[in-house]
Amino acid sequence: MRPLVDFLWPPACPLCLRGHSDWLCPTCRSHVAVLLEEERSVLVPGCDVVLASVPYEPPARDLLVRAKYAGDPHPLTALAALFGELLAVEKLVADVVVPVPLSRSRLRRRGYDQVVPLARAAATRMVCPLDAEALRRRRGGVAQAGLTRVARRRNLVGRFKCVRDLRDRRVLLVDDVVTTGATLEAAAKALRGAGAASVAGACLFRTRAVRAQK
Ligand SMILES: [Zn+2]
């Protein structure tokens with residue numbers, strides 16, 4: 001018997017609501033732009049390499065917006081599949097995959113963390129463990145959206161704490177969107193403080209703001 005959830009919300013492409021799978025259907029997948037190889041790399045202090053694959057634009061952006069701001073976690077299945085598919089595993093090394101965490105208050109409000117499914121997809125592709133609890137986000141600060149690069153960095157100083165001993169471990173840090181890289185920088189600092197031998201970053205989306213700063 002199929003689970004009740006499949007009966008109420010049968011699996012379907014999250015964009016056109018057709019098909020029989022929660023992944024993007026071939027037609028919608030063909031409408032998702034993918035960055036050129038030379039546009040994928042983002043310079044972030046504290047990270048050896050940071051890669052992002054998809055411009056933060058509709059229609060793919062709409063899926064993340066639904067998950068982050070409309071309380072609808074269903075598109076995360078498709079986004080995680082897309083992230084895993086596009087992850088340039090040959091350019092990344094990792095002994096463990098760590099997602100950039102939400103603050104506890106935001107996690108409580110949203111009820112789920114949109115980055116964890118992405119990190120899980122990366123761990124599967126990299127064939128290494130996921131540690132979704134390694135980083136904690138301390139209280140305080142304001143939402144990053146709308147802040148300048150300098151303000152973002154100031155907003156994030158000391159915001160992350162690593163609760164694991166990462167000596168000699170190579171970490172792949174995963175986030176949903178990279179804009180200025182300030183979040184990854186602050187998280188990487190905490191990982192290195194815990195002894196990480198190297199920190200690489202992988203994000204699904206890259207915003208135009210960053211691409212224009214090259
Ligand atoms: Zn579709």
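**Exercise 1. Decide whether D168 is buried or exposed in this predicted model, and describe its backbone.**

Step 1. Start with the neighbour count: D168 has 10 other C-beta atoms within 10 Å. A residue is called exposed at 12 or fewer, so D168 is exposed.

Step 2. Find its place in the fold. D168 sits in the loop between β4 (160-162) and β5 (170-178).

Step 3. Check the backbone. The phi of D168 is positive, about 65°, although the residue is not a glycine. As background, most residues other than glycine have a negative phi.

**Exercise 2. Now try V127: where does it lie, and is it buried or exposed?**

Step 1. Look just past helix α6: V127 belongs to the loop between α6 and β3 (135-137).

Step 2. Count neighbours again. V127 has 8 C-beta neighbours inside 10 Å and therefore counts as exposed.

Step 3. Read off phi. For V127 the angle is near 55°, a positive value in a residue other than glycine.

**Exercise 3. Find out what kind of peptide bond joins P58 and P59.**

Step 1. Inspect omega between the two prolines: the angle is about 5°, and the bond is cis.

Step 2. Place the bond in the chain. P59 lies in the loop between β1 (49-55) and α3.

Step 3. Keep the background in mind: most peptide bonds are trans.

**Exercise 4. Describe the surroundings of A67.**

Step 1. Locate the residue: A67 is part of helix α3 (residues 60-69).

Step 2. Judge burial. There are 22 C-beta neighbours inside 10 Å, and the threshold for buried is 20 or more, so A67 counts as buried.

Step 3. List the contacts, leaving aside neighbours within four places in sequence. A67 then touches D72, P73, P75, L76 and Q114.

Step 4. Compare a pair along the chain and in space. A67 and R208 are 141 residues apart in sequence, and their C-alpha atoms are 20 Å apart.

**Exercise 5. Work out how α3 and α4 cross, and which residues meet there.**

Step 1. Take the geometry: the two axes come within 9 Å and cross at roughly 130°.

Step 2. Classify the angle. α3 and α4 are therefore oblique to each other.

Step 3. Add the handedness: α3 passes α4 in a left-handed crossing.

Step 4. Name the partners. On the α3 side are L63, L64, R66 and A67, and they meet P75, L76, A78 and L79 in α4. By class, this contact has seven nonpolar, no polar and one charged residues.

**Exercise 6. Follow α4 to its contact with α6, using F83 as your guide.**

Step 1. Set up the pair. Helix α4 (residues 75-86) and helix α6 (residues 115-126) pack at about 35°, with their axes 8 Å apart. The crossing of α4 past α6 is right-handed.

Step 2. Collect the residues. L76, L79, A80, A81, F83 and G84 in α4 meet P117, L118, R120, A121, A122, T124 and R125 in α6. Sorted by class, the contact of α4 with α6 has nine nonpolar, two polar and two charged residues.

Step 3. Zoom in on F83, which is in helix α4. F83 is buried, with 26 other C-beta atoms within 10 Å.

Step 4. List its contacts, again leaving aside neighbours within four places in sequence: L118, A121, A122 and L204. The C-alpha atoms of F83 and R125, 42 residues apart along the chain, are separated by 9.7 Å.

**Exercise 7. Repeat the analysis for α7 and α8: what are their angle and handedness?**

Step 1. Helix α7 (residues 149-156) and helix α8 (residues 182-193) pack at an angle of about 30°, with their axes 9 Å apart.

Step 2. Angles under 35 degrees count as roughly parallel, and α7 and α8 are therefore roughly parallel to each other. Their crossing is right-handed.

Step 3. R149, R152, R153 and L156 in α7 meet A182, T183 and A186 in α8. This contact has three nonpolar, one polar and three charged residues.

**Exercise 8. Step back to the domains: how many residues of domain 1 are in contact with domain 2?**

Step 1. Take the bounds from the domain assignment: domain 1 (1-31) and domain 2 (34-212).

Step 2. Note the separation: the C-alpha centres of the two domains lie 26 Å apart.

Step 3. Count the contacts. Eight residues of domain 1 are in contact with eight residues of domain 2. On the domain 1 side, these divide into six nonpolar, one polar and one charged.

Terms used
Residues are numbered from 1 along each chain as its sequence is written. This is a predicted model: local features need pLDDT of at least 70, side-chain atom pairs count only at pLDDT 80 or more; totals for chains, interfaces and linings use all residues. Axes are lines fitted to C-alpha atoms, for helices over the stretch in contact, and angles run from 0 to 180 degrees between N-to-C directions. Helices (H or I, at least four residues) and strands (E, at least two) are DSSP runs, numbered from the N terminus. A crossing is left-handed if the near helix is turned anticlockwise from the far one by less than a right angle, and right-handed if clockwise. Two residues are in contact if their C-beta atoms, placed from the backbone, lie within 7 Å. Ala, Val, Leu, Ile, Met, Phe, Trp, Tyr, Cys and Pro count as nonpolar, Asp, Glu, Lys and Arg as charged, and the others, Gly among them, as polar. Angles under 35 degrees count as roughly parallel, over 145 as roughly antiparallel, 65 to 115 as roughly perpendicular and the rest as oblique. Domain bounds come from an automatic or database domain assignment.
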